[in-house]
Amino acid sequence: MGALPVFRWHLAPDGYATRRQLRARDLRPGGQDVAAQLERPRRRRGPLVAYLYRVDLAKPVRPMTPAKWAALAKANTARRTCPHCRRDAGYVIPPSLGMCVPCAYPEPSDSPGSR
């Protein structure tokens, strides 16, 4: 296999796209190998690299099936459920806390000795 063609940032020819650009067109690489790469030079570090795929070989995105929608809904529900109090927090539980905000920072209770 030969070396990949390398283009400078914003100078890739038509017919090539990154994964994000393919997805914006409702396409996917479809098993094809990387066709080229973009390089954006940076000071004091190596260049940023983006891989390019050929648009003419890209395939349409597979549609979501009812089973995939159900699995996605179940996964999102699990991300919103607090493992401590088992309630739906209404937002994705931050991994840094590991529980909902009320469980992580409970309100100080009014004890008789605090007055």
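**Figure 1. Charges and overall form of the chain.** Let us start with charge: the chain carries 21 positive side chains and 8 negative ones, and the centres of these two sets are 3 Å apart. The model shown here, as in every view below, is a predicted one. Its chain holds three helices and six strands. Read from the N terminus, these elements follow the order β-β-α-β-β-β-β-α-α. The radius of gyration is 24 Å, whereas the globule rule gives 13 Å for 115 residues, so the chain is more spread out than a compact globule. Along the principal axes, the C-alpha atoms fill a box of roughly 75 × 45 × 25 Å.

**Figure 2. Surface and contacts of the whole chain.** Before zooming in on single residues, here is a look at what is covered and what is not. Of the 115 residues in the chain, 17% are buried. The exposed area comes to about 9,400 Å², and 54% of it is supplied by carbon and sulfur atoms. Among contacts between residues at least 6 apart in sequence, 49% join residues that are at least 24 apart.

**Figure 3. Close-up of P29, a loop residue with distant partners in sequence.** P29 sits in the loop that links strand 3 (27-28) to strand 4 (36-42). Is this proline buried or exposed? P29 has a relative accessible area of 10%, and because that is under 20%, P29 counts as buried. With neighbours within four places in sequence set aside, the contacts of P29 are R19, L22, Y53, L57 and A58. For a sense of scale in this view, the C-alpha atoms of P29 and V55 are 8.0 Å apart, while 26 residues separate the two along the chain.

**Figure 4. Close-up of T18, between strand 2 and helix 1.** The loop that holds T18 runs between strand 2 (16-17) and helix 1 (19-24). T18 has a relative accessibility of 16%, which places this threonine among the buried residues. Which residues does T18 contact, leaving aside its neighbours within four places in sequence? They are A50, Y51 and L52.

**Figure 5. Close-up of Q37, a buried glutamine in strand 4.** Q37 is part of strand 4. With a relative accessibility of 13%, Q37 is buried. Apart from neighbours within four places in sequence, Q37 is in contact with L4, P5, V6 and F7, and also with V49, A50, Y51 and L52. Readers coming from the previous view will recognise A50, Y51 and L52, which are contacts of T18 too.

**Figure 6. The aromatic pair F7 and Y16.** The structure holds one aromatic pair. It is formed by F7 and Y16, with 5.9 Å from centre to centre and 50 degrees between the planes. Why is the pair called tilted? The angle of 50 degrees is neither under 30, as for stacked rings, nor over 60, as for edge-to-face ones, so the pair counts as tilted. Y16 itself is partly exposed, with a relative accessible area of 25%.

**Figure 7. The loop between strand 1 and strand 2, with A12 and H10.** Two residues of one loop share this view. A12 lies in the loop between strand 1 (6-8) and strand 2, and H10 is found in that loop as well. The relative accessibility of A12 is 30%, so A12 is partly exposed. Not counting residues up to four places away in sequence, A12 touches F7, L38 and L52. A12 and V61, 49 residues apart along the chain, have their C-alpha atoms 23 Å apart. H10, at 71% relative accessibility, counts as exposed. Take a look at its backbone too: phi of H10 is near 70 degrees, a positive value in a residue other than glycine.

**Figure 8. Close-up of D26, with a positive phi.** D26 is not a glycine, although its phi is positive, at about 60 degrees. This aspartate is placed in the loop between helix 1 and strand 3. D26 is exposed, with 54% relative accessibility.

**Figure 9. Close-up of W69 in helix 2.** To finish, we turn to a tryptophan. W69 belongs to helix 2, which covers residues 66-80. Its relative accessible area is 53%; because this is over 50%, W69 counts as exposed. From W69 to P102, the C-alpha to C-alpha distance is 30 Å, and the two residues are 33 residues apart in sequence.

Note on methods. Residues are numbered from 1 along each chain as its sequence is written. This is a predicted model: local features need pLDDT of at least 70, side-chain atom pairs count only at pLDDT 80 or more; totals for chains, interfaces and linings use all residues. Side-chain values use heavy atoms; hydrogens and water are left out. Helices (H or I, at least four residues) and strands (E, at least two) are DSSP runs, numbered from the N terminus. Buried means under 20% relative accessible area, exposed over 50%, partly exposed in between (1.4 Å probe, protein chains only). Contact means heavy atoms within 4.5 Å. The radius of gyration is taken over C-alpha atoms; the globule rule is 2.2 Å times the number of residues to the power 0.38. Accessible areas come from the Shrake-Rupley method with a 1.4 Å probe; for residues, only the protein chains shown count as cover. Lys and Arg count as positive and Asp and Glu as negative; His and the chain ends are not counted. The place of a charge is taken as NZ of Lys, CZ of Arg, CG of Asp or CD of Glu. Rings of Phe, Tyr and Trp (its six-membered ring) pair if their centres lie within 6.5 Å; planes under 30 degrees apart count as stacked, over 60 as edge-to-face and the rest as tilted.
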